[in-house]
Amino acid sequence: MKQIFTYLLLSVFTLSAVVAQNRYDDEIFTEVEVTSDVTYGVNATVLAFSIFGEAIPEELKMDVYQPVGDSESERPVVLVWHTGNFLPNVTNAAITGTKTDSSAVEICTQLARRGFVAASCTYRKGWNPLAVTQPERALGLIQAAYRGVQDGRTAIRFIKKTVAEEGNPYGVDTTKMVMWGNGTGGYLVLGTNGLSNYSEIIQTSNPAGKFLLDLDMNGVPETPMVVPAYHGDINGEVLSVTPDDAFGLPAGDTTTYPNHVQYTNDYQLTVNVGGALGDISWLNDQAIPIISVQSIDDQFAPYNDGILRVPNTGDPIVQVQGAQQIGMVQEASGINQPWKDFMFNDAVTMEAMANAATAGHPYYEGSYAWKSPNNSGGEDEGVVIDWWVPTSLSPPILPNFPNGVPWNQLPHPTDDTDMTSFHEEGLELNENMSAEKARANIAKIMDYVIPRACITLELGCASVDVRDLLSNDLVELAPNPSRGNVLINSPADQPMLDLEVYNMEGRLVLTQRNVNQAQYSLDLASEMPGMYLVKIYLDEGVVVKKLIIE
């Protein structure tokens, strides 16, 4: 089913002020076409296990968003994964948790208006966060996340199948693919990024063995919480039938169906807005860069390294790692170097740098440390990207409410006695909830993500055209090292236009505009000793030089 939605064209802040509208930098299309409920695969779900006594097949769906009137036939594609705690809407004690979450729709719409193709995807759900013991909760969550990784890779392969076998109906370039996860979707895309082989699940480092069970009760965990014979291979490419009744599954139960196995699982960029990584060691062989956006006071996932807990009850589940840890690893490996080389100095990057300092660590390029002012209840709301209509209906609640219940009337399953509704509970971390509030936050996220995506995907965006990066041999700094007084020389026929100097934390310490000469005396004598980066703008591009101040 296809529907056409028309939106007002909005201006979006870009890194460089430009008069013309530019693809990817700006929303250049006014209409978006949505193809709803496209089946991207079929796999087994345990969600209805209590009813059927076994896993049953579930169709996996996506809604595909495309710009109307676009002449391009090979466009970058972004697969967007919603939040929801790996549980169905309402059951997860939240208003969100579907592919039509307001945040998922808004992000996909904004991406399509910029010239991307975007798809909001479902994934299999089902685990018991109220299990009595911590190992049971950890087992349920890692198995749910494992199925999420299988579904994520199934979706990637499906897109490639549509290009190879169906004439590329969505007009995508499968060498420019992005996995984007919101909240719980962040766990899915980070797992998809990090898990390159099954052994990484049983050989964790933070802490070691956290996804092992101590079934013989000898104090030494020995049984993996995920076993391919019962839960399928890590890519969801092999038909899996349980050999016996372990893990509470009946013998002979089909738990994984293969989909599109002739296609690869590779993609080019990961974006997580919230969520965390099951174990930081999964990035030891990282090949795909990650742009992380997370509140430094995230109440649902550790920003650094900590224990993930069940919402409402506070019961511990498992130790996981968030954006700070991801940023540290990427900084050490150098996978974020192309972003560092560009030396972003826009307002959102400056905010990310300041928030990192507030969190007590250096700024890691590619990790957007988010800090919102506390609301009137003293709560840090985190990264608010959703809104809802209080009188709109929840999904069906059978057997008594087949049409659902308005969010402002549906009692929330909190463990207190105030009898709040889902709407009232939602307002506790989304005060003055509105589309305008959420869209403003999404706009900031776009301002951070899009320029870096342009670099990684080599989109040739006007604001971050990396083809303009010139050889640093064109410019000389002398003396270097120095005590802060440096003479800069460019070729006589290429006078310097502008100069910028950054310290190694990425902070802009000096700007000189309209130099318009081939020699310039730079005075940094008041700066602290250390290494600096000097960015010199010439008519043909940009030169980046390292400078040491003693």
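# Briefing on a predicted single-chain model

R23, D70 and R75 are joined to one another in a network of salt bridges. The model that shows this network is a predicted one. The chain holds 11 helices and 22 strands, and 55% of its 550 residues count as buried. The points below treat the chain as a whole, then its salt bridges, one of its helices, and some details of its backbone.

**Overall form**

- For 550 residues, a compact globule would have a radius of gyration near 24 Å, and the 25 Å found for the chain agrees with this.
- Along the principal axes, the C-alpha atoms fill a box of roughly 80 × 60 × 55 Å.
- Contacts between residues at least 6 apart in sequence include 66% that join residues at least 24 apart.
- About 22800 Å² of the chain is exposed, and carbon and sulfur atoms supply 54% of that area.
- The chain carries 31 positive and 68 negative charges, and the mean positions of these two sets are 3 Å apart.

**Salt bridges**

- Side chains of opposite charge can pair when their charged atoms come close. In this chain the count comes to 20 salt bridges.
- R75 pairs with D70, and the closest N and O atoms of the two are 3.1 Å apart. R75 has 4% relative accessibility and so counts as buried. D70 counts as buried as well, because its relative accessibility is 16%, which is under the 20% limit.
- E381 and K437 form another salt bridge, at 2.7 Å from N to O. E381 lies in the loop between β15 (367-370) and α10 (422-427), while K437 belongs to helix α11 (residues 435-456), so the pair ties together parts that are 56 residues apart in sequence.
- Within this pair, E381 is buried, with a relative accessible area of 14%. K437 has 22% relative accessibility and therefore counts as partly exposed.
- R513 and E500 also meet through their side chains in a salt bridge, with 2.8 Å from N to O. This pair links distant parts of the chain, 13 residues apart: R513 is in the loop between β19 (508-512) and β20 (519-523), and E500 is in strand β18 (residues 498-503).
- How accessible are the two partners, R513 and E500? R513 counts as partly exposed at 37% relative accessibility, whereas E500 counts as buried at 2%.

**Helix α7 and its surroundings**

- Helix α7 covers residues 323-333, and its buried residues are A323, Q324, Q325, I326, G327 and Q330.
- Several elements help to cover these buried residues of α7, including the helices α4 (184-194) and α8 (337-342). The cover also includes the strands β12 (290-295), β13 (305-309), β14 (316-321) and β15.
- Just after α7 comes G334, which takes a positive phi of about 85 degrees.

**Cis peptide bonds**

- The peptide bond from N206 to P207 is cis, and its omega is near -5 degrees. P207 sits in the loop between α5 (199-202) and β7 (212-213).
- A cis peptide bond also runs from A478 to P479, with omega near -5 degrees. The place of P479 is the loop between β16 (476-478) and β17 (485-489).

**Positive phi in residues other than glycine**

- V90 is not a glycine, yet its phi is positive, at about 80 degrees. The loop between β4 (75-81) and α2 (102-114) contains V90. With a relative accessible area of 18%, V90 is buried.
- N168, also a residue other than glycine, has a positive phi near 55 degrees. N168 is found in the loop between α3 (134-165) and β6 (172-182). Its relative accessible area is 17%, so N168 counts as buried.

Conventions:
Residues numbered from 1 in each chain as written. Predicted model: local features only at pLDDT ≥ 70, side-chain atom pairs only at ≥ 80, totals over all residues. Heavy atoms only, no water. Salt bridge = Lys/Arg side-chain N within 4 Å of Asp/Glu carboxyl O. Buried < 20%, exposed > 50% of the residue type's maximum accessible area, 1.4 Å probe, protein only. Helix = DSSP H or I, 4+ residues; strand = E, 2+ residues; numbered from the N terminus. Rg over C-alpha atoms; globule rule 2.2 N^0.38 Å. Contact = heavy atoms within 4.5 Å. Areas by Shrake-Rupley, 256 points an atom, 1.4 Å probe, with all protein chains shown as cover. Lys, Arg positive; Asp, Glu negative; His and termini not counted. Charge placed at Lys NZ, Arg CZ, Asp CG, Glu CD.
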